[in-house]
Amino acid sequence: MDVSAPAEATAASQLRDRHDIPDRFKWNLSDIYPDWSEWQAAYDDLERNIGAYAALQGTLAEGADRLLAAMKLSDDIGQLTYKVWYFASLKYDEDQRDNQINARRQQVQILFAKANQACAWFNPELLHIPLPTVQQWLSENAALAVYRFAIEDLYRQQEHVLDEKGEHLLSLASRFASTPNDAYSALSTADVKHPVVTLSTGDVTLTYGQYRAILATNRSQSDRRLAFDEFHRLFEASVNTYASLFHSVLQRDLFLSQARGYRTTLDAALHGNNIPTAVVENLIATTKAGSEPLRRYHRLRKRVLRLDSYHNYDTAIPLVDFDRKYPYDDVLEWLPASVKPLGQEYERQMRRGLASKWIDVYENPGKRSGAYSAPVYGVHPYMLLNYNDTLDAVFTLAHEMGHSMHTLLSHAHQPFVYSAYTIFVAEVPSTLSEMLFLDYMLERATDDRERIVLLQHAIDGIVGTFYTQVLFADYELQAHRLVEEGRPVTAEGLGEIYFNLLKSYYGDALDYDEQSRLTWARIPHFYSTPYYVYQYATCFASSAQLMKQLTTGSEAGRAAAINRYLTLLKSGGSDHPMTLLSRAGVDLSQPETVRAVVDQLDGLVTRLEKAIALP
Ligand SMILES: [Zn+2]
């Protein structure tokens, strides 16, 4: 994730062209398909399978064999989908200026919409068969029994499944579902004209990467203020367009939740994973009540940085100067060493991944920004980075590697139907991977300066991954409530919600700027995946609890915790996430789980207060 965590980024150096970067730093997509003609052949296969699936309509009631045939064909389609989609999508991310590849990517998206239509008959037809009949089939047919959880979960969701006509209509409407996000991407990335700002250090083209780098590295407050003002001006210039796009997201969510008969958009978002809405409400309330350590940290920063006033653009600058570079090749050794607490086999598998061209390491012109791990079923996970030798980039790699190991274990231990884990669990291994890496780095740190930097990194991690995400979740919830209650959605109103939230979290620790009313307009998750970010926070709380179990207590206790944790990773999506987590020893319905993070931050700020007095 790259939403908000403050970075110790440096000003970017001159970009290398992609063909000048050695192959060992680039992912090898020929593990998916050797070339576009193989891709096209797979695409044609996929299209045929989708047609064959449509032809199964009307057969399910004939018995277990027919249901099994439909489930298996659906698996075949799903497996092919991963490869066909990711080959085009990953190629596109290498250079997003390539219109030909973009066209192929869109071709797959159109096929997905077709697939949705071709599969729309399945749920209503299955649910027409009484559950006891299907359960009888499940107990008599071992091959079908594999699908028990998936099938029974469909019956659980039955009250929100429409009849065939209704499902067909919704599948047609799905063609517009991504339009607001596509338009947001075009507006904020492809069409944006980055201004050139004159800082005390010279002229800089203010891309988002440069903006973040300035806030994270430039010691002049007036430079940071100028960058902040100019960057927000970009959003100010189109703020009504952003508001209108976000409004479309809210209306789409309302439409879908109402069409399916949910009480609220939050209910609709959580029902799929069987998460009680109380988890989100409790998360927001408990975190808001625990904002004091956050304020204490920022008051400390203001004192250490010797600032008369302390603003949003002052929250990312490091407390001490630290320009150590972390060359990629060093990290290739440290990262596997950091996961020793998870056992030899885990470490061995990670080393194999790091040596096998799964990772696209460096930035090049046109390359997608940020970082992600892509779970290409039947091949292996791929990772996109924009590695720039900073500590932040190192932790990003640790994070994405956590996702990739989760993918690897889940794909290896689950049948296809359960191979994908839910996003509710997804950020647990990535966060835990970062925590293990932090421990490793704190242990091997040779000087106080590096220790302070690492402590700040840990604290900024909690602020960015936990507090900021809960603030975002709060914002999304309030914004969705506007449309649910039939109230107007305007740029001004959205700004007001965001501004008030900032104040309720940061209190008197921050001096506020009017431009902060615009910050919501930039957050990609609000457009791409609403009601997503709260899971960073619940995952963070889960990881904190797991980390404690994995690294403290008796040897036998730790061994049992490792076992439970690896079982979680191997479980994929084979049960509801709250069930999987509770088997791993985490209960998110308890305020204590959330408060554990608040206490953790409190402890880290205390350590930092002591450490900072030394140099
Ligand atoms: Zn992540």
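Reader: Is tyrosine 313 buried or exposed, and why?
Author: Buried means under 20% relative accessible area and exposed over 50%, with partly exposed in between, using a 1.4 Å probe and protein chains only. Tyrosine 313 counts as buried because its relative accessibility is 0%. This is a predicted model, in which local features need pLDDT of at least 70 and side-chain atom pairs count only at pLDDT 80 or more, whereas totals for chains, interfaces and linings use all residues. Residues are numbered from 1 along each chain as its sequence is written, and side-chain values use heavy atoms, with hydrogens and water left out.

Reader: Where is tyrosine 313 found, and which residues does tyrosine 313 touch?
Author: Helices (H or I, at least four residues) and strands (E, at least two) are DSSP runs, numbered from the N terminus. Tyrosine 313 sits in the loop between helix H15 (292-304) and helix H16 (328-338). Contact means heavy atoms within 4.5 Å, and, not counting residues up to four places away in sequence, tyrosine 313 touches Leu215, Gln221, Arg224, Arg225, Phe228 and Asp513. A polar contact is a pair of N or O atoms within 3.5 Å; within protein, one must be able to donate a hydrogen and the other to accept it, and residues adjacent in sequence count only if both atoms are side-chain atoms. The side chains of tyrosine 313 and arginine 225 are joined by such a polar contact, of 2.9 Å.

Reader: Which atoms coordinate the zinc ion, and how are the donor residues spaced in sequence?
Author: Donors are N, O and S atoms within 2.8 Å of the metal (3.2 Å for Na, K and Ca), and sites may look incomplete because water is not among the atoms. Here the zinc ion is coordinated by His399 (NE2), His403 (NE2) and Glu427, the last listed with OE twice, at 2.1 to 2.4 Å. The donor residues follow the spacing H-x3-H-x23-E. Histidine 399 lies in helix H18 (residues 391-413) and glutamate 427 in helix H19 (residues 423-444), so the pair ties together parts that are 28 residues apart in sequence. Both histidine 399 and glutamate 427 are buried.

Reader: What is the geometry of the site of the zinc ion?
Author: Four donors count as tetrahedral if all angles lie between 85 and 135 degrees; four count as square planar and six as octahedral if opposite donors are over 155 degrees apart and all others between 65 and 115; anything else is irregular. The angles among the 4 donor atoms of the zinc ion are 54 to 140°, and the site is irregular.

Reader: How do the side chains point along strand S1?
Author: In a regular strand the side chains alternate between the two faces of the sheet. Along S1 (residues 196-199), Val197 and Leu199 point to one face and are buried, while Val196 and Thr198 point to the other and are not.

Reader: Which way do S1 and S2 run, and in what sense do S3 and S5 pair?
Author: Two strands pair if DSSP finds at least two bridges between them. S1 and strand S2 (residues 202-205) run antiparallel, joined by 4 bridges, and a hairpin links them through 2 residues. Strand S3 (residues 359-360) pairs with S5 in the parallel sense over 2 bridges, whereas strand S4 (residues 372-376) and S5 run antiparallel, with 5 bridges. Methionine 383 in S5 stands opposite isoleucine 359 and also opposite serine 373.
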